[in-house]
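Biologist: Before I plan anything around this protein, I would like to go through its fold with you, strand by strand and helix by helix. Could we take it as a series of questions, with the reasoning spelled out each time?

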Amino acid sequence: MARILGVFAHPDDESFSFAGTAMKLLERGHEAGLVTLTRGDKGRWYGKRPLYSWDSRALARERAKEWRGAVATIGLGRAWLLRWPDQGVSGAPVDRITMQLTRIYREFRPDAVITFGPEGAGSEHDDHAGTSRHATRAFRWAADPSIRTPGHRSHHSRWLLYTTAPEAGRVMRGRRPAGYLTPTHAVDVSPYLARKAAVFEQHRTQFKDRPFFQWLLRARGGKEYFHLAIDTQRPPARELTFLR
Ligand SMILES: [Zn+2]
């Protein structure tokens with residue numbers, strides 16, 4: 001049995017490249033958890049009311065509800081929705097945000113942490129790149145016994161994986177974009193595509209991205225892609241059997 005923790009920036013990020021893998025792992029008896037750093041309170045509202053007619057607190061409340069729906073649809077046992085400001089993840093105080101993630105890692109004790117790649121998941125979203133840096137730093141902090149968290153002892157996660165995309169979809173005019181990560185693992189989530197789409201459907205205020213989500217679902221051919229950034233032990237990738 002393995003325990004996997006996804007760390008992402010906004011409600012709906014989990015549906016793109018983590019939900020299918022999480023559902024597959026859960027069905028096979030593994031454990032999966034989710035940390036979402038913001039409530040997506042800066043986004044534009046698509047829903048009952050006209051655009052921009054909701055203040056950010058109302059939007060945050062609604063997106064928190066949608067996020068809980070997504071967590072339930074995946075079937076996650078543990079999930080944390082934090083309150084870092086949307087569009088403020090990169091500039092969040094390093095010690096505070098890393099410490100918060102360190103505490104969560106030490107409580108949940110994942111074997112693998114999955115987060116965005118340092119390039120920001122190809123979307124050039126600063127929050128995504130920031131999330132990658134904070135989640136990666138906490139991976140190291142959680143394992144360091146000299147960094148103390150009352151009530152929780154240090155914890156070594158073995159694997160750190162970054163979400164990525166198949167190479168074919170990324171090459172433009174024969175060139176890869178800067179920071180592109182070649183996948184080391186392609187997880188077949190084809191039996192879960194309808195349920196994965198149902199996870200995104202929970203995020204009603206994010207429906208501006210619905211065509212993109214649907215396109216991505218088709219373009220990825222039933223797979224979710226990861227780049228193994230860190231394996232703290234030998235042998236390497238072969239040991240990640242639960243990701244098959
Ligand atoms: Zn996002």
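Biologist: In E4, which residue is the bridge partner of glycine 6?

Modeller: Bear in mind throughout that this is a predicted model. E1 and E4 pair in the parallel sense, over four bridges. Within that pairing, the residue of E4 that partners glycine 6 is isoleucine 114.

Biologist: E4 also joins E5, so which residue of E5 stands opposite phenylalanine 116?

Modeller: Strand E5 covers residues 159-164, and five bridges join E4 to this strand, the two running parallel. Opposite phenylalanine 116, in E5, stands threonine 163.

Biologist: How many of the five residues of E4 are buried?

Modeller: A residue is called buried if 20 or more other C-beta atoms lie within 10 Å of its own. Strand E4, residues 112-116, is mostly covered. By that cut-off, the number of its residues that are buried is five of five.

Biologist: In what order do the seven strands of the open sheet lie, and which are the edge strands?

Modeller: The seven strands form an open sheet with mixed pairing, in the order E3-E2-E1-E4-E5-E7-E6. An edge strand here is one that pairs on one side only, and this description fits E3 and E6 (185-188).

Biologist: What angle does the direction of helix H2 make with that of E2?

Modeller: On the sheet, E2 is joined to E3 by five bridges, and the two run parallel, with leucine 34 opposite alanine 79 in E3. Helix H2, residues 19-27, packs on this sheet and touches E1, E2, E6 and E7 (223-231). The angle between the direction of H2 and that of E2 is about 150°.

Biologist: How far apart are the end C-alpha atoms of helix H4?

Modeller: Helix H4 has 15 residues, 94-108, and at 1.5 Å a residue it should therefore span 21 Å. The model agrees with this expectation, since the end C-alpha atoms of H4 are apart by 21 Å.

Biologist: Which elements do the buried residues of H4 pack against?

Modeller: The buried residues of H4 include Ile97, Leu101, Ile104, Tyr105 and Phe108, and Thr98, Thr102 and Arg106 are buried as well. These buried residues pack against strands E1 (3-8), E2 (31-38) and E3 (78-84), and against helix H5 (126-143).

Biologist: Which residues touch the most other members of the largest nonpolar core?

Modeller: In soluble globular proteins, nonpolar side chains tend to be buried together. The largest nonpolar core here has 52 residues. Valine 113, one of the two residues in question, touches Leu5, Val7, Ala135, Phe139, Ser157 and Leu160, leaving aside residues up to four places away in sequence. The residues that touch the most other members are Leu101 and Val113.

Biologist: Is threonine 131 buried or exposed?

Modeller: Threonine 131 lies in helix H5, and its contacts, leaving aside residues up to four places away in sequence, are Val7, Phe8, Ala9, Leu37, Val89, Thr115 and Phe116. Because 31 other C-beta atoms lie within 10 Å, threonine 131 is buried.

Biologist: Is arginine 109, which follows H4, buried or partly exposed?

Modeller: Arginine 109 sits in the loop between H4 and E4, and has a positive phi of about 55° although it is not a glycine. Because there are 17 C-beta neighbours inside 10 Å, arginine 109 counts as partly exposed.

Conventions:
Residues numbered from 1 in each chain as written. Predicted model: local features only at pLDDT ≥ 70, side-chain atom pairs only at ≥ 80, totals over all residues. Expected span 1.5 Å × (residues − 1). Buried ≥ 20, exposed ≤ 12 C-beta atoms within 10 Å, placed from the backbone. Contact = placed C-beta atoms within 7 Å. Pairing = 2+ DSSP bridges. Core = buried A, V, L, I, M, F, W, Y, C linked by C-beta atoms within 7 Å. Axes fitted to C-alpha atoms, helices over the stretch in contact; angles between N-to-C directions.
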